[in-house]
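Reader: Please give me a close look at one helix pair and the space beside it. Keep it brisk, and state your cut-offs as you go.

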Amino acid sequence: MTGLGDAGNPLERLLDEDPADLYENAPMGYLSTLPDGQIVKANRTFCAWTVRSPEDLLGHRLQDLLSVGGRVFYNTHLLPLLRLQGFVREIAIDITRIDGSLLPCLLNAVEVRDDDGTPLLVRATLFEATARRRYERELLSAQRLAEESEARSRVVQKVVFDLAAAATPEDVATVIVQRGRAALRAGGAALVLVEGEADDPQELPALRPVRSEGVSRELLRRLRDAAGSRLALELAQGLRSIVLDDRLRADQPELAAAMAADGLTDLVVVPVSADSKRLGVLVLARGTAARGDLISLEEPGEHRPLTPAEVDLLWTLGRQAGQALERVRLHEETRQQGERAAFLLEAARLMSEARDVTETVHRLAGLVVSRLADVCVIDMVTEHGLHQPVARHRDPDRQPVLDRLRGNHPTARSPLHPSVRALREGRTQWIRDLDEARAVLDAVAPDDAFREAVGHLELVGVVGVPMIVDGRRLGVVTFGADRHRAPFTAADVEVAEQLALQLSQVVDKALRLEFEERTSHTLQASLLPPSPPAVPGLATAVRYLAATQGVDVGGDFYDVVRLPGDRVGLVVGDVVGHDITAAATMGQLRSVTRAMSVDRPSPAVLVDRLQRNWELFELQRMATALFATLDPATGELRIASAGHLPPLLCAGGRAELLPVRPTRMLGAPPAPAVEWSGVLPEGAALLLFTDGLVESRGADLDAGLSRLVEVVARTWSGDPEQLCDRLLSELTGEHRADDIALLALTRT
């Protein structure tokens, strides 16, 4: 003990007492037992842990201090292992305290044997393992959380992968119902979507179950009735559980009864949304008997609250489903927009190819019933009210019913008819459902027979669109859908309005052209002279054709005037242009020419007078003209040209252009006119014409004149009427770029 002080030193005494103190107050429990487990010695530490005195422990067996499971483990594992190898290391056991609580411990033990190997004593050391057990539990909990998180990630990855291939709402519903059901181990699931928005806040929103597995239709109907018009509020509250308890039985007995009938403990309602837009709900039914390979309770039991991990997973599934539905919706809208655009293009093409309004409306009605509606009726505004030129049904077997209704058309006397209302109010009328359609029918039907006929059409939706251009009401187009077709949507109504607008523009243009055509015909008839007067010794024929471009009127003209002294004045002219202004100028020029011919001026003098006084006449266009005088008795012929083509003479089987030298056209600065004179033989033909007969875009003027000479020489038979017809037949086509005037005569 050198250096540690004398025997009276406290440290000396502690060291002397150390073996006994170390055993009794060690930071672990010491035990000695007989081979059968009877405790023969225990230190103070173990006594303190078990809240027992040494006297209470001595004589008891160690296994009696263990928990029930610990006793089984002691007899079946620990004791045989100790006998086999003579020791055990870090065996986890739970010691029962006197108050019944458990103390987790780690047991190390060795078996002391005699020389023959017979067990004499077991010495055991126990370490308190409360902190270690807590750490192990936390470690296991963290491991479970990690595994659950990994499992959720795999579920989400599978959902995202499957949704990427979804092309329709039904595809999305299939994925989300199956994955959601499996993720929650639910007995059933259904995806219910909100369709549109109710116009009246008090009305129930339109709900459509897209897919349901293991959830009865009765349960879904009761759930919808329970939500009522508060569905938006229900969705806004987020993910929730509807538990079958006494409160639900009292508040919603029908829903509770439906859940009980299906053996449910609760319904989990998961909002399906995208960008704050609530699209519907995923309903998961828990508590039903096992279906297929899904695990669920065999009998209704206690409601198990959702874990935070399950809530997070369901939120994710709802958002993924919403985004997929929005993607599918946008894709479908894009496809439908393409189809609608193609439909409108096809309608425009059909209308552009139609020859008149009647053909236009018939073509359009046929297209509508093939692509957009079951019934298409087009009414046109006339002087006598609405006129119905076409009423078409998609089904040929029902067309006779529609035809009978046309014979008893009530729109003229029923202000409540959607067509009449659309025309009167100047806006689209949309009857959306069967109840509203029946109410309108009762209001407009003149008798039971009409009501019965309309009933055979089974219409559930009607859209009436007015045809309006610049405030003028031209008519109305009515579209009908029967119960065999999906109801009209807002997009369908928009297409109907676009179609009516296109038809309005076509009809308006056609009406304008019809008015201009009537005006031009009236003007042309008033400006052109009547049939040539009968002149003894002469046979005459005239023709006039306007250009096919623009209105049916032009500036070409002809005239045959009986002059004093039995002479005849002949005129063919061409005012620049082929429009209303040209026609008006032509009428003025013809009148001026007649007035100046009173004193029988020669053709050259007449040209000079017109040239010198052109500004006085205030004519708006320049013109070419050919003037001639003819004595039918002698055949004396005198001709002067103001910039016009020469006439053609056919005699003795030979045709030729007369060598008439033209001066400047009328309206140009004056220049002396050169007059040609000659004799028109008996039986010979004289042809005066405008350049529209011989000019074309595909050939020059000389070629046209040569062709004219050839045809006249070949076809002249002594009849001016026949000559004009042959010339127009061989020298003109269906499309004419210029007006044509012909004057043919012969001495008889």
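Author: Start with the crossing: α18 passes α19 in a right-handed way, meaning that the near helix is turned clockwise from the far one by less than a right angle. The model is predicted, so local features need pLDDT of at least 70 and side-chain atom pairs pLDDT 80 or more, while totals for chains, interfaces and linings use all residues. Residues are numbered from 1 along each chain as its sequence is written, and side-chain values use heavy atoms, without hydrogens or water. Helices (H or I, at least four residues) and strands (E, at least two) are DSSP runs numbered from the N terminus.

Now the geometry. The angle between α18 and α19 is about 125 degrees, and their axes lie 11 Å apart. That makes α18 oblique to α19; oblique is what remains after under 35 degrees (roughly parallel), over 145 (roughly antiparallel) and 65 to 115 (roughly perpendicular). Axes are lines fitted to C-alpha atoms over the stretch in contact, with angles from 0 to 180 degrees between N-to-C directions.

Which residues touch? On α18, L589, V592, T593 and M596 make the contact, and on α19 they meet L606, R609 and L610. Contact means heavy atoms within 4.5 Å. By class, this contact has 5 nonpolar, 1 polar and 1 charged residues. Nonpolar covers Ala, Val, Leu, Ile, Met, Phe, Trp, Tyr, Cys and Pro; charged covers Asp, Glu, Lys and Arg; the others, Gly among them, are polar.

The loop between the two helices holds R600. R600 is not a glycine, yet its phi is positive, at about 55 degrees.

Next, the space beside the pair. Both helices help to line the largest cavity: α18 (580–596) and α19 (603–612) each supply at least two residues, as do β17 (556–563), β18 (567–575) and β19 (623–630). A cavity is a set of points, on a 1 Å grid over the protein atoms alone, where a 1.4 Å probe fits but cannot get out; lining residues have an atom within 4 Å of a point. The volume here is about 130 Å³, taken as the space filled by probe spheres on grid points joined across faces, edges and corners. The lining has 17 residues, and G569, V571, S597, L606 and A628 lie nearest the centre. L606 thus appears twice: in the helix contact and in this lining. By class, the lining of the largest cavity has 9 nonpolar, 5 polar and 3 charged residues.

For context, the structure holds 3 cavities of 30 Å³ or more. The second largest has about 80 Å³. T33, L62, Y74, L82 and V122 are the closest to its centre among 14 lining residues. α4 (68–85), β4 (102–113) and β5 (119–128) each give that lining at least two residues. The largest share, 4 residues, comes from α4. The classes there are 11 nonpolar, 2 polar and 1 charged.

One other helix pair is worth setting alongside. Helix α21 (residues 701–715) packs on helix α22 (residues 720–731) at about 135 degrees, with the axes 10 Å apart. That makes α21 oblique to α22. The crossing of α21 and α22 is right-handed. R707, L708, V711, V712, R714 and T715 of α21 make the contact with L723, R726, L727, E730 and L731 of α22. This contact has 6 nonpolar, 1 polar and 4 charged residues.

Conventions. 1 Å grid on protein atoms, 1.4 Å probe; cavity = no way out; pocket = protein on both sides within 12 Å on 5 of 7 lines; lining within 4 Å.
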